[in-house]
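Here's a quick tour of a structure, going from the overall make-up of one chain to a bit of strand pairing in another. Have a look at the model first, then read on.

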There are 2 protein chains.
Amino acid sequence: MLTMSLYSGESHSGLEGAFAKKSDTDVRRGVEGISNSTLRRLEPREHVCREGEAKHYVYQVENGAVCLYRSMPDGHRQIMDFAYPGDFVGLGTSERHLLSGQAIGPTRLRCIPVSAIRQLAGRNPEFCFQLYEALSAELTAARDLLATVGTRSATERLASFLIALARRNERGGFNSNRIVLPMLRSDIADFLSLTVETVSRTFTRLKQRGIIDLPQSTLVIINDRDELEQVAGLTQQACA
Amino acid sequence: MLTMSLYSGESHSGLEGAFAKKSDTDVRRGVEGISNSTLRRLEPREHVCREGEAKHYVYQVENGAVCLYRSMPDGHRQIMDFAYPGDFVGLGTSERHLLSGQAIGPTRLRCIPVSAIRQLAGRNPEFCFQLYEALSAELTAARDLLATVGTRSATERLASFLIALARRNERGGFNSNRIVLPMLRSDIADFLSLTVETVSRTFTRLKQRGIIDLPQSTLVIINDRDELEQVAGLTQQACA
DNA sequence: CGCTACATTGAAGCTATTCAACGCCTGTGG
DNA sequence: CCACAGGCGTTGAATAGCTTCAATGTAGCG
């Protein structure tokens, strides 16, 4: 049975799509039917792939995390997404990788030959539809991020980011007020289209306002979730 | 035969994906097999759909153009894409529309029931894969725009926008130096995440520099395409 | 212990925004 | 035929927010 149920309740919650929902797709099950997949281990900061390279494999994150980004000619980069366990890297019909992928910490990946995906998709409509669902989730994530980056202030962006991570924790059954940040400040900056300095200052201001604690640079404690959601500008009350 | 060939040459040309390549997908052929589709005519500024609404149809633009956007609680909007003839509105597995769609000028749409799409996708792997291709193109467009908005200046954004439209003309066999802008300044602003005033000033500056002419507000003549590409910051020369 | 990488803080500068006014074009009615 | 109104576009001046550049702080690791 084709599920169609993903994203059934509209979230409109900033970056939620960008973190929380992707891994829930059924594609994981489908992929298990592929026999000829191999594993690959990556060191922190090691690249999975580089944009422009021929795409031989699609990868699925087993553990760790990968950031997917685009490099601009001037050296800037825009991180498009973070891929967590269960998420895919390299979906889409391009013959080349359109994004570079870099492991954030130690990471293990399952490597699936594109030819296998193509074959399975051609034979099995259900699997093909699951691919469609997975891409649909990626598209939603990209548009969530675009809306956030395009219309919100630095504070709102960072607050949205933290809330998205908190929701991700909830769904995983973890403490949603205790957020571990596996990525560097520069990764957050390149994701939210800010500078490292602005990210840092914004963290500090949230801390000064008592909304969060920051016992280590990689650990955020949310003290006042409601206030944080307010600050994220996600409150619908302004909508007529 | 499944094509997989879309986007085979990497473009990396700013917003190219956002305009040029989507309509070339094979889905158009596939959809012709759907019998129970109806037509709908829209006045300028009339809405195709509103975000959050239940999704009963997927639409295909026959003529005219539609802008797809997300409204933020504070009243701002982020235009995610412009859909031109051949493009689809409402693809994806959500049960609700995730974006609002508004006709830019007089527009004719083909309305395809989601149930029909779902059925056809379930039976016909090739059609399903074409859906996947179409979404893949949308995803690329969204990421192109994200990269542009996230990393480039107002001038670079507008120049990229014009180049994308020029390329679109080329592919349609039209004069690539004569660009008709069917949308308002406010649409361009909401697409590029700028204000109307900044868009206007940036047009003026490009005109003063002799790179473009602007005989009417809806007509752009590109005088110096090379210079415009330079300004867009797409020149790869800086890449090591 | 000191090195290196990352994070934070400060001060100055700049780009885009905001708010306000004006200009232009089209359509309408006197 | 001209006057006026309304929508859209352009321009100007002041401001705000983020960036830039530079310095300082901190934590892990040889």
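## What chain A is built from

A word on terms before the tally: helices here are DSSP runs of H or I with at least four residues, and strands are runs of E with at least two. On that basis, chain A has eight helices and eleven strands. Keep in mind that this is a predicted model.

How much of chain A is tucked away? Out of its 240 residues, 62% come out as buried, meaning under 20% relative accessible area. As for what chain A does show, the exposed area is about 9,500 Å², and 46% of that is supplied by carbon and sulfur atoms.

## Contacts and domains in chain A

Take the contacts in chain A with a separation of 6 or more: 74% of them are between residues 24 or more positions apart.

The domain assignment splits things up too, giving domain 1 at 16-143 and domain 2 at 152-232 of chain A. Going by C-alpha atoms, the centres of domain 1 and domain 2 of chain A are 25 Å apart.

## Around β11 in chain B

Over in chain B, which strands pair with β11(B)? One is β9(B), residues 178-180, which runs antiparallel to β11(B), residues 219-222, with three bridges between them. In this pairing, Arg178(B) sits opposite Ile221(B).

The other is β10(B), residues 212-216, again antiparallel and again joined to β11(B) by three bridges. Here Ile212(B) faces Ile222(B) across the pair. The link from β10(B) to β11(B) is a hairpin through two residues.

Terms used: Residues are numbered from 1 along each chain as its sequence is written. Chains are lettered from A and ligands numbered from 1 in the order in which they are written. This is a predicted model: local features need pLDDT of at least 70, side-chain atom pairs count only at pLDDT 80 or more; totals for chains, interfaces and linings use all residues. Side-chain values use heavy atoms; hydrogens and water are left out. Buried means under 20% relative accessible area, exposed over 50%, partly exposed in between (1.4 Å probe, protein chains only). Contact means heavy atoms within 4.5 Å. Accessible areas come from the Shrake-Rupley method with a 1.4 Å probe; for residues, only the protein chains shown count as cover. Domain bounds come from an automatic or database domain assignment. Two strands pair if DSSP finds at least two bridges between them.
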